[in-house]
Amino acid sequence: MIKGLRALSTHFPPLVNRVVDAGNLCVACLDPAPTGLCQACFNALPVNRKPCRRCALPLPASAPEAALCGDCQARPPHFRHTIAPWLYAFPVDQMISGYKYRRQPSLGHPLVLAWLAQCGTALAPSGDLPQLLIPTPMRPWRQRRRGFNQAEDIAEQLGRQLDLPWSASTVRRVGPQQPQAGLQRRQRLRNLGTAFQVHGPVPDRVAIVDDVMTTGATARAMARALSRAGASDIQVWALARTPLG
Ligand SMILES: [Zn+2]
Ligand SMILES: [Zn+2]
């Protein structure tokens with residue numbers, strides 16, 4: 001099936017467009033699949049095999065189990081744990097970009113269900129699920145233009161499946177910011193310095209929800225704001241993680 005997926009790679013987006021409304025078919029191979037992703041294609045997703053135990057950065061295969069990346073050792077983030085089961089690589093990247101930029105839930109929702117299947121037992125590492133799911137907010141102008149924040153949609157789907165509340169109004173982006181794309185990591189962190197404001201009460205245990213964790217700068221800045229607002233146990237839940245470089 002991996003071979004099949006690779007062969008499909010150049011045809012993937014048009015193929016996916018064709019099956020958007022077909023329902024009950026795997027978005028990758030068109031086999032029957034009630035969740036939108038068949039078992040074989042689920043098994044072929046690019047697993048993040050050796051994640052940093054704090055930020056889920058993919059570490060070299062030779063790293064010890066549950067190791068910390070250099071960044072988390074040098075500057076521990078305010079979140080204690082990140083769940084990001086897949087690498088941002090084919091076909092996860094194609095599914096997420098169709099979900100996000102072409103607003104196709106039929107590409108995103110199968111990944112959310114697959115995420116629950118993959119991570120179910122890791123969701124409450126200290127025994128308690130988060131009390132609130134908080135999607136990463138978009139800049140208001142971007143959300144107005146796109147009309148859709150995939151992080152909110154993921155939080156809503158996870159909230160429904162896990163019977164957990166979610167809130168898109170607890171954390172807002174504020175202040176003028178340059179677009180992140182094209183900035184170096186250090187500039188990104190500075191750019192995000194005061195970018196998040198927390199509104200209203202925040203429970204002890206929260207999970208930041210996003211589609212992809214890239215540098216981790218956004219999650220770090222959000223977790224810092226949530227920690228200042230009183231959250232004491234912060235996790236990050238993402239579908240995928242981008243490898244360094
Ligand atoms: Zn399939
Ligand atoms: Zn790390």
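## A walk through two zinc sites, two cores and a strand

Cys55 has a relative accessible area of 7%, so this residue counts as buried. That is our starting point in a model that is predicted. Cys52 is buried as well, because its relative accessible area is 1%, and the cut-off for buried is under 20%.

What do these two cysteines hold on to? Cys52 and Cys55, through their SG atoms, are protein donors of the zinc ion (ligand 2), together with the SG atoms of Cys69 and Cys72. These donors lie 2.3 Å from the metal. Picture the four donor atoms around the zinc ion (ligand 2): they subtend angles of 103 to 116°, and therefore the arrangement is tetrahedral. If you follow the chain, the donors of this ion show the spacing C-x2-C-x13-C-x2-C.

Now look for the other zinc ion, ligand 1. Which residues coordinate the zinc ion (ligand 1)? They are Cys26, Cys29, Cys38 and Cys41, each using its SG atom, at 2.3 Å. The site of the zinc ion (ligand 1) is tetrahedral too, with angles of 102 to 117° among the four donor atoms. In sequence, its donor residues are spaced C-x2-C-x8-C-x2-C. Among these donors, Cys38 and Cys41 are both buried.

Let us move on to the nonpolar cores. In soluble globular proteins, nonpolar side chains tend to be buried together. Here the largest nonpolar core has 36 residues, and the ones with the most contacts inside it are Leu37, Trp115, Leu158 and Trp237. Helices and strands both feed this core: α3 (39–43), α5 (92–101), α6 (105–119), α8 (150–162), β6 (205–213) and β7 (233–241) each supply at least two residues. The helix that gives the most to this core is α6, with seven residues. The core also draws on both domain 1 (1–44) and domain 2 (45–60 + 77–241), taking at least three residues from each. A second core, separate from this one, has 30 residues, including Val202, Val206, Met213 and Ala231.

One strand from that list deserves a longer stop: β7. Is β7 enclosed or open? Nine of the nine residues of β7 are buried, so the strand is largely enclosed by the rest of the structure. Its pairings are worth tracing one at a time. Strand β1 (residues 81–83) pairs with β7 in the parallel sense, over three bridges; one of these joins His81 to its partner Gln235 in β7. Strand β2 (residues 86–87) also runs parallel to β7, joined by two bridges, and here Trp86 has Ala240 as its bridge partner. Eight bridges join β6 to β7, again in parallel, and Asp210 stands opposite Ala238 of β7.

How does the chain get from β6 to β7? Helix α10 (residues 217–228) joins these two strands in a right-handed β-α-β unit. Try following that path by eye, from strand to helix to strand.

Next, go to the stretch around helix α5. Before the helix, in the loop between β2 and α5, you will find Pro91. The peptide bond from Phe90 to Pro91 is cis, with omega near 0°. In α5 itself, the buried residues are Val92, Met95, Ile96, Gly98, Tyr99 and Lys100. To read that list, it helps to know that an α-helix has 3.6 residues a turn, so residues three or four places apart point the same way. Look for that spacing as you step along the helix.

Just after α5 comes Arg103, in the loop between α5 and α6. Its phi is near 50°, a positive value in a residue other than glycine. Arg103 counts as partly exposed because its relative accessible area is 49%, and exposed would require over 50%.

Our last stop is Ala66, in the loop between α3 and α4 (70–74). What is the phi of Ala66? The value is near 55°, which is positive, in a residue other than glycine. Ala66 has a relative accessible area of 46%, so this residue is partly exposed.

To retrace the route, begin at the SG atoms of Cys52, Cys55, Cys69 and Cys72 around the zinc ion (ligand 2), go on to the core where Leu37, Trp115, Leu158 and Trp237 have the most contacts, and then find β7 with its nine buried residues.

How values were computed
Residues are numbered from 1 along each chain as its sequence is written. Chains are lettered from A and ligands numbered from 1 in the order in which they are written. This is a predicted model: local features need pLDDT of at least 70, side-chain atom pairs count only at pLDDT 80 or more; totals for chains, interfaces and linings use all residues. Side-chain values use heavy atoms; hydrogens and water are left out. Donors are N, O and S atoms within 2.8 Å of the metal (3.2 Å for Na, K and Ca); water is not among the atoms, so sites may look incomplete. Four donors count as tetrahedral if all angles lie between 85 and 135 degrees; four count as square planar and six as octahedral if opposite donors are over 155 degrees apart and all others between 65 and 115; anything else is irregular. Buried means under 20% relative accessible area, exposed over 50%, partly exposed in between (1.4 Å probe, protein chains only). A nonpolar core is a set of buried Ala, Val, Leu, Ile, Met, Phe, Trp, Tyr and Cys residues joined through side-chain atoms within 4.5 Å. Helices (H or I, at least four residues) and strands (E, at least two) are DSSP runs, numbered from the N terminus. Domain bounds come from an automatic or database domain assignment. Two strands pair if DSSP finds at least two bridges between them. A crossover is right-handed if, with the strands pointing away from the viewer, the path from the first strand over the helix to the second runs clockwise.
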